[in-house]
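Grab a pencil and work through these short exercises on rings and helices. Try each task before you read its solution.

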Amino acid sequence: MPLIVDHEPKLPLIETICHFGDYQHVPRFNSTIIGALEHNKAARITKVTAHFGPQDPAYEQALLTHHRHAELHDYPVLDLQSKIIDDLWNKPAYLLSLVLGELRKSEGHRVEWLFWFDRDTVILNPCIPLHIFLPPRDDIHIVISNDWNGLNNGVFGLRVNEWSARLLSTILGYRELRPDEELRFTEQSAMEKVLQDSRFKQGAAYYPQRWFNAYEAEEEKDYAVKGSDLLVHFAGVGDRLKKIANWIEKADSEPEVWSVDYRSTSLPQEVFEFWNQWSAS
């Protein structure tokens, strides 16, 4: 699939779909904060996922939510549909192949960031552009989040550069170099251990989980999905396919709650404060 270079959003489409309301009493928007998040607006971003193994209409509908999001912001979507190697190790293998492919191109023609999304994620608010999650620092190469089990790599952003090629190569080789070490969550555990290594730990930023990897929860938790959030992820839950279908219907039936212009949500303020605190520390 050819990669799109022009990533300017389709403004008329965004204005039609995205409700610009006073969500939860958040001011219409703070132009200073929004401006600070626009530093990466023109970044060349590609969404990446994988769909193979047992199929179901629910997964197809979940993928469609990602395509709608991508169409709104002019992101290419790359979807691995056949295995490269075994099991979940296809994720780092596929990403490594993409990073190396981009590095063969001249710098001005490369994709700059890859955003991975597991197939059990559903976009709820297509009005949130991915560029606002990109770090305002050149020394951060991956943005990711933890859950109660540790690292969760169901959703993360990865800069296309040599650092990422080395990271993915190390993850892929981990079980071969350390065959006796337990990897409870296979490649995810390998990624967690590699990111703790001194050669890589300074290049990672761990975001609040709710920003782009929220879970369904009955109680008020800091990871629980709420109105206008980007997506919901059904990691390791039972009745997953039914929940995917239910949440797609929920978002479609309540666009005024979910399809909210990101500038009128609390997210810009949260991202702005996160990086201010990072710089201060």
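**Exercise 1.** This is a predicted model. Are Phe115 and Phe117 buried or exposed, and how do their rings pair?

*Solution.* Start with the surroundings: Phe115 is buried, and Phe117 is too. Next, look at the rings: their centres are 6.3 Å apart, with 25 degrees between the planes. Stacked pairs need planes under 30 degrees apart, and the pair of Phe115 and Phe117 is indeed stacked. Now look around Phe117: Lys47 lies over the face of this ring, 4.6 Å from the ring centre. Finally, zoom out: ring pairs join Phe115 and Phe117 into a cluster whose members include Phe133, Tyr207 and Trp211.

**Exercise 2.** Work out what kind of pair Tyr215 and Tyr223 make.

*Solution.* First, check burial, where the limit is under 20%. Tyr215 has 4% relative accessibility, so it counts as buried. Tyr223 has 17%, so it counts as buried. Then take the geometry: the ring centres of Tyr215 and Tyr223 are 6.1 Å apart and the planes meet at 65 degrees, so this pair is edge-to-face.

**Exercise 3.** Describe how helices H4 and H5 run relative to each other.

*Solution.* Find H4 at residues 90-103 and H5 at residues 162-177. Their axes come within 9 Å and cross at roughly 150 degrees. Angles over 145 degrees count as roughly antiparallel, and H4 and H5 are therefore roughly antiparallel to each other. The crossing of H4 past H5 is left-handed. Last step, the contact: among the residues making it are Leu96 and Val99 of H4, and Leu168 and Ile171 of H5.

How values were computed:
Residues numbered from 1 in each chain as written. Predicted model: local features only at pLDDT ≥ 70, side-chain atom pairs only at ≥ 80, totals over all residues. Heavy atoms only, no water. Phe/Tyr/Trp six-rings, centres within 6.5 Å; stacked < 30°, edge-to-face > 60°. Buried < 20%, exposed > 50% of the residue type's maximum accessible area, 1.4 Å probe, protein only. Lys NZ or Arg CZ within 6 Å of the ring centre and 35° of its normal. Axes fitted to C-alpha atoms, helices over the stretch in contact; angles between N-to-C directions. Helix = DSSP H or I, 4+ residues; strand = E, 2+ residues; numbered from the N terminus. Parallel < 35°, antiparallel > 145°, perpendicular 65-115°, else oblique. Left-handed = near helix turned anticlockwise from the far one by under 90°. Contact = heavy atoms within 4.5 Å.
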